[in-house]
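Subject: A structure for you to look at

Hi,

Here is the structure I promised to pass on. Please open it alongside this message, and I will go through what turned up.

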Amino acid sequence: MARPKNQDERRAHLIQAVIDTTASTGLRSLSLADVARRAGLTRGAVLYYYDDLDALLREAYRAGMERFCDRRDALRESIEDPARLLGETIRAGLPTGPDDALMRLLYEFDVVAGTSPLHTTLVESMYERQLATYRTVLEHGVDTGAFRLTLDTPTAALNLVALEDAYGLHIVAGNGQISVRRAVEAMFAAARAFGAPAA
């Protein structure tokens, strides 16, 4: 990695180093020294920007929240049609493919949740955001008359989150039977069965 010059660039560089390193070593064995090596810095230089590895992990997870939650919620500002909004929400919630390092990191957190308060808190906050995103999109569809749900809204949202997580895990694990396109199609089919046709 080329070394960036200013502090914001350096912090972003370090977060990318966490994401890239985790993709190759896994979260359980990740160390500050690994991140420093990937970033082309000394361990002391990393500690200048972040107090410890947990602080780095929180920032890396925040990057995941921004992509996975904030950007999806922002879709509501530009997409009025409920069916299209649901469709784009589903698409944006899945990995881009097996090499999606940021999504792999998020799933790594799921694996180690329960082993530390930090991991558990981060995973639970992400889950709550996922549920809230789908609930809001589904409620919008019901309010406009575009959706006629066969399940109550919380249950429909719960099922969509479960499908999103399951398909996403298969995709980043490299399961050749679950492509991104197949996962999208399957989630669209489930949404239709719930009375929420996605476009």
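Let me begin where two helices meet: helix 5 passes helix 9 in a right-handed crossing. A crossing is called right-handed if the near helix is turned clockwise from the far one by less than a right angle, and left-handed if anticlockwise. Helices here are DSSP runs of H or I with at least four residues, strands are runs of E with at least two, and both are numbered from the N terminus. Before going further, please keep in mind that this is a predicted model, in which local features need pLDDT of at least 70 and side-chain atom pairs count only at pLDDT 80 or more, while totals for chains, interfaces and linings use all residues. Residues are numbered from 1 along each chain as its sequence is written, and side-chain values use heavy atoms, with hydrogens and water left out.

**Helix 5 and helix 9**

Two packed helices are described by the angle between their axes and the distance between the axes. For helix 5 and helix 9, the angle is about 140° and the axes are 10 Å apart. The axes are lines fitted to C-alpha atoms, for helices over the stretch in contact, with angles running from 0 to 180 degrees between N-to-C directions. This makes helix 5 oblique to helix 9; the scheme takes angles under 35 degrees as roughly parallel, over 145 as roughly antiparallel, 65 to 115 as roughly perpendicular and the rest as oblique. On the helix 5 side, the contact (heavy atoms within 4.5 Å) is made by L86, G87, I90 and R91, and on the helix 9 side by V184, M187, F188 and A191. By class, this contact of helix 5 with helix 9 has 6 nonpolar residues, 1 polar and 1 charged. In that count, Ala, Val, Leu, Ile, Met, Phe, Trp, Tyr, Cys and Pro are nonpolar, Asp, Glu, Lys and Arg are charged, and the others, Gly among them, are polar.

**Helix 4 and helix 5**

Helix 5 (residues 82–92) also has helix 4 (residues 53–78) as a partner, their axes coming within 10 Å and crossing at roughly 165°. That makes helix 4 roughly antiparallel to helix 5. This crossing, too, is right-handed. Helix 4 contributes F68, R72, L75 and R76, which meet L85, E88, T89 and A92 of helix 5. The contact of helix 4 with helix 5 consists of 4 nonpolar, 1 polar and 3 charged residues.

One more residue of helix 5 deserves a look, namely R84. Its relative accessible area is 44%, so R84 is partly exposed (buried means under 20%, exposed over 50% and partly exposed in between, with a 1.4 Å probe and protein chains only). Outside its neighbours within four places in sequence, R84 is in contact with I79 and A199. The C-alpha atoms of R84 and A199 are separated by 4.6 Å, although the two are 115 residues apart along the chain.

**Helix 1 and helix 2**

Towards the start of the numbering, the axes of helix 1 (residues 7–25) and helix 2 (residues 32–39) come within 8 Å and cross at roughly 115°. That makes helix 1 roughly perpendicular to helix 2. Helix 1 passes helix 2 in a right-handed crossing. H13, L14, A17, V18, D20, T21 and S24 of helix 1 make the contact with D34, V35, R38 and A39 of helix 2. Of the residues in the contact of helix 1 with helix 2, 5 are nonpolar, 3 polar and 3 charged.

**Salt bridges**

The whole structure holds 12 salt bridges, each a side-chain nitrogen of Lys or Arg within 4 Å of a carboxyl oxygen of Asp or Glu. One of them joins D70 and R129 at 2.8 Å, N to O. D70 lies in helix 4 and R129 in helix 7 (residues 117–144), so this pair ties together parts that are 59 residues apart in sequence. D70 is partly exposed at 39% relative accessibility, and R129 is partly exposed at 24%.

Within helix 4, R76 and D73 form a salt bridge at 3.3 Å, N to O. These two are 3 residues apart, so about one helical turn separates R76 and D73. R76 is partly exposed, at 34%.

In helix 9, E185 and R182 form a salt bridge with their closest N and O atoms 4.0 Å apart. Here as well the partners are 3 residues apart, about one turn of the helix (residues 180–193). Finally, E59, R62, E66 and R71 are joined into one network by salt bridges that share partners.

Best wishes
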